[in-house]
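I keep these notes as a record of what I looked up, in the order in which I went through it.

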Amino acid sequence: KGELRMQSLTFDDAGMYQCIAENMHGIIYANAELKIVASPPTFELNPMKKKILAAKGGRVIIECKPKAAPKPKFSWSKGTELLVNGSRIRIWDDGSLEIINVTKLDEGRYTCFAENNRGKANNTGVLEMTEATRITLAPLNVDVTVGENATMQCIASHDPTLDLTFIWSLNGFVIDFEKEHEHYERNVMV
């Protein structure tokens, strides 16, 4: 195939590489530069969110994506407690922390630690629990004669500290009430 493979790269391997292909009709060249990247973990370009919201009883993923080369090893703490994989908590290979069945006890300061052979860094965010959004009155099936009007209701409960938006769709496509105002009408009741 004319393939060149290198393993366990060092800075000495950096440079311009040239492939030469030749047969009885002639010779051609192709060039490529190999750059070797190495840096300690840093959160400057991609810091963790300072405030992370999680719905009560739901699932939350707290991302930890520092720039680093080679890929760092990750660990997490909540306050001063070091976290390990368990039935509700999982540290992903990409550094993200997943918590399922979120409870009030999960609230607090979470710190991601990233370390490689060039150095280490950490970043912290605060997890806050919110009440889960729930549909309390779902739309019902309606039989309507052609030409008549139909009304469908949807009522939901939600955390009072958060805004709530209702989105209606027809056969998987979101209804644009501004474009289709002659056919659809949205009534919002407080």
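I begin with the cut-offs for burial, since the entries lean on them: buried means under 20% relative accessible area, exposed means over 50%, and partly exposed is what falls in between. The model I am reading is a predicted one.

**Entry: Asp106 and Arg88**

I applied the cut-off to Asp106, which has a relative accessibility of 5% and therefore counts as buried. Its side chain meets that of Arg88 in a salt bridge, with an N to O distance of 2.7 Å. Asp106 sits in the loop between β10 and β11 (108-116), while Arg88 sits in the loop between β8 (81-83) and β9 (89-91), so the pair ties together parts that are 18 residues apart in sequence. For Arg88 I noted 28% relative accessibility, which means that this residue is classed as partly exposed.

**Entry: the other salt bridges**

How many salt bridges does a search of the whole structure find? The search returns 7, and I followed further pairs among them.

Glu98 forms a salt bridge with Arg59, and here the closest N and O atoms are 2.6 Å apart. This pair links distant parts of the chain, with Glu98 in strand β10 (residues 97-100) and Arg59 in strand β5 (residues 59-62), 39 residues apart. I checked the accessibility of both partners: Glu98 is buried because its relative accessibility is 11%, whereas Arg59, at 52%, counts as exposed. I also noted that salt bridges with shared partners join Arg59, Arg90 and Glu98 into one network.

I then turned to Glu128 and Lys51, whose side chains meet in a salt bridge at 3.7 Å, N to O. Glu128 belongs to strand β12 (residues 119-130) and Lys51 to strand β4 (residues 51-55), so I wrote this down as a pair that links distant parts of the chain, 77 residues apart. Glu128 has a relative accessible area of 32% and is therefore partly exposed, while Lys51 reaches 51% and counts as exposed.

**Entry: the annotated span**

I looked up the UniProt record, an unreviewed entry, which places the feature "domain: Ig-like" at residues 41-128. In the model, the C-alpha atoms at the two ends of residues 41-128 lie 26 Å apart, and the span is 0% helix and 56% strand.

**Entry: β1, β2 and the segment before them**

In which sense do β1 and strand β2 (residues 26-34) pair? I found them antiparallel, over 9 bridges, with a hairpin of 2 residues joining β1 to β2. As one specific bridge, I recorded that Ala21 has Ile28 in β2 as its partner.

Leu4 is found in the segment before β1 (15-23). Its relative accessibility is 58%, and Leu4 therefore counts as exposed. Together with Met6 and Leu9, Leu4 forms a nonpolar patch on the surface, and I noted an accessible area of about 280 Å² for the three together.

**Entry: backbone geometry**

I kept the general expectation in mind here: most residues other than glycine have a negative phi, and most peptide bonds are trans.

Ser8, although not a glycine, has a positive phi of about 50°. Ser8 lies in the segment before β1, and with a relative accessible area of 73% it is exposed. Asn171 also came up, with a positive phi near 50° in a residue other than glycine. Asn171 is placed in the loop between β15 and β16 (173-174), and I recorded it as exposed because its relative accessibility is 70%.

Which peptide bond did I note as cis? The bond from Ala69 to Pro70 is cis, with omega near 0°. I located Pro70 in the loop between β6 (67-69) and β7 (73-78).

**Entry: Phe166**

Is Phe166 buried, partly exposed or exposed? At 29% relative accessibility, Phe166 falls in the partly exposed class. Phe166 lies in the loop between β14 (155-157) and β15 (169-170). Setting aside its neighbours within four places in sequence, I found Phe166 in contact with Cys154, Ile155, Ala156 and Arg186. For Ala156 I also looked up the backbone separation: the C-alpha atoms of Phe166 and Ala156 are 8.9 Å apart, with their positions 10 residues apart along the chain.

Conventions:
Residues are numbered from 1 along each chain as its sequence is written. This is a predicted model: local features need pLDDT of at least 70, side-chain atom pairs count only at pLDDT 80 or more; totals for chains, interfaces and linings use all residues. Side-chain values use heavy atoms; hydrogens and water are left out. Patches are made of residues with over 30% relative accessible area and no salt bridge: like charges are joined within 9 Å, nonpolar side chains (Val, Leu, Ile, Met, Phe, Trp, Tyr) within 5 Å. Accessible areas come from the Shrake-Rupley method with a 1.4 Å probe; for residues, only the protein chains shown count as cover. A salt bridge is a side-chain nitrogen of Lys or Arg within 4 Å of a carboxyl oxygen of Asp or Glu. Helices (H or I, at least four residues) and strands (E, at least two) are DSSP runs, numbered from the N terminus. Buried means under 20% relative accessible area, exposed over 50%, partly exposed in between (1.4 Å probe, protein chains only). Contact means heavy atoms within 4.5 Å. Two strands pair if DSSP finds at least two bridges between them. UniProt positions are given in the numbering used here, feature names are shortened, and annotations may be inferred rather than shown by experiment.
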